[in-house]
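User: Could you walk me through how to read the features of a protein model? I would like the general idea before each case.

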Amino acid sequence: TVPIIDVYAALGAFAPSLSPPANLILDNDYDGAVTSGSFSLVTDPQAYNGRALLGAGGGTAGYRFSPTVPTDGLYRVYLWWTDAPSNPESVSVQVGHDFGVASYLVDQRANGGGWNELGVFSLSAAGAPYVEISSSAGAVVDAVRFEHLQRAPLSIGTASLPSGRAGLFYSEGRHARD
């Protein structure tokens, strides 16, 4: 007999990677850009790598992290800010992902000095993902972490197939891609 499908090879295309999840961390010292207003650099032992940015001036200050994701797929996104009672209560955070933009209001007076999860998002290089933090009350911009969970889920792109005829061999020339 001759096998039609090599089941082990086919399963390998769908099996999750055996390597640990990739973490991509963007820090305000090296990554990102001011989108509005201005920021001052502050030194704080609770800041990621010891330094953070603090929104300055009277207007809204915004800062955007734009990662280059190494692999398209699902990512859990986290923020880090310093722990200070003077942090703002309501900071706007937007996550640009493959299916649009998710908006949050974050209380930076709570849970500072550690990673705070925003959610899980489908991210791809083609989707130009980003995380933007902004506030008129002195937002703390420190670091963003992207934890790769799995490759992008499979999808079926064919909406319909041509009609077949009984008793005749049927073949459609499209194949699933990895």
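Analyst: Gladly! Let us start with a term we will need: a residue counts as buried when its relative accessible area is under 20%, and as exposed when that area is over 50%. Please keep in mind that this is a predicted model. By that cut-off, β10 is mostly covered, with 6 of its 6 residues buried.

User: What share of the 178 residues in the protein is buried?

Analyst: Buried residues make up 35% of the 178.

User: And which elements does the protein contain?

Analyst: The protein has 1 helix and 12 strands. Along the sequence the pattern reads α-β-β-β-β-β-β-β-β-β-β-β-β, with the helix ahead of the strands. As for contacts with a separation of 6 or more, 74% of them link residues 24 or more positions apart.

User: How should I read the way strands join into a sheet?

Analyst: The general idea is that strands of a sheet pair through backbone hydrogen bonds, either parallel or antiparallel. Here, 5 strands form an open sheet in the order β2-β5-β10-β7-β8, and the pairing is antiparallel.

User: Which strands are the edge strands?

Analyst: They are β2 (33–36) and β8 (100–106), each of which pairs on one side only. Neighbouring strands of this sheet are turned by 25° against each other on average, direction ignored.

User: Can we cross the sheet pair by pair, beginning at β2? How many bridges link β2 and β5?

Analyst: There are 3 bridges between β2 and β5, in the antiparallel sense. One pair to find on screen is A33 with its bridge partner R64 in β5. Strand β5 itself covers residues 61–65, and 4 of its 5 residues are buried.

User: Which strand comes after β5 in the order?

Analyst: That is β10. Strand β10 spans residues 130–135 and pairs with β5 over 5 bridges, again antiparallel. Y63 stands opposite I133 in β10, and R64 stands opposite E132. R64 therefore helps you trace three strands at once, since pairing rests on DSSP bridges: A33 has R64 as its bridge partner, while E132 in β10 faces R64 too.

User: Which residues of β10 point one way, and which the other?

Analyst: Y130, E132 and S134 point one way, V131, I133 and S135 point the other way, and all are buried.

User: How is β7 joined to β10 and to β8?

Analyst: β7 and β10 run antiparallel and are joined by 5 bridges; G96 has Y130 in β10 as its bridge partner. On to the edge strand: 7 bridges join β7 (residues 91–97) to β8, also antiparallel. There, V93 stands opposite Y104 in β8.

User: Now for empty space inside the model. How many cavities of 30 Å³ or more does the structure hold?

Analyst: A cavity is a space where a 1.4 Å probe fits but cannot get out. This structure holds 1 cavity of 30 Å³ or more, and about 30 Å³ of space lies in the largest cavity.

User: Which residues line the largest cavity?

Analyst: The lining consists of L79, W80, W81, Q108, I133, V140, D142 and A143. Strand β6 (residues 73–81) gives the largest share, 3 residues. By class, 6 lining residues are nonpolar, 1 is polar and 1 is charged. I133 ties this back to the sheet: it is one of the lining residues, and Y63 stands opposite I133 in β10.

Key
Residues numbered from 1 in each chain as written. Predicted model: local features only at pLDDT ≥ 70, side-chain atom pairs only at ≥ 80, totals over all residues. Heavy atoms only, no water. Pairing = 2+ DSSP bridges. Helix = DSSP H or I, 4+ residues; strand = E, 2+ residues; numbered from the N terminus. Axes fitted to C-alpha atoms, helices over the stretch in contact; angles between N-to-C directions. 1 Å grid on protein atoms, 1.4 Å probe; cavity = no way out; pocket = protein on both sides within 12 Å on 5 of 7 lines; lining within 4 Å. Points joined across faces, edges and corners; volume = space filled by probe spheres on them. Nonpolar A, V, L, I, M, F, W, Y, C, P; charged D, E, K, R; others polar. Buried < 20%, exposed > 50% of the residue type's maximum accessible area, 1.4 Å probe, protein only. Contact = heavy atoms within 4.5 Å.
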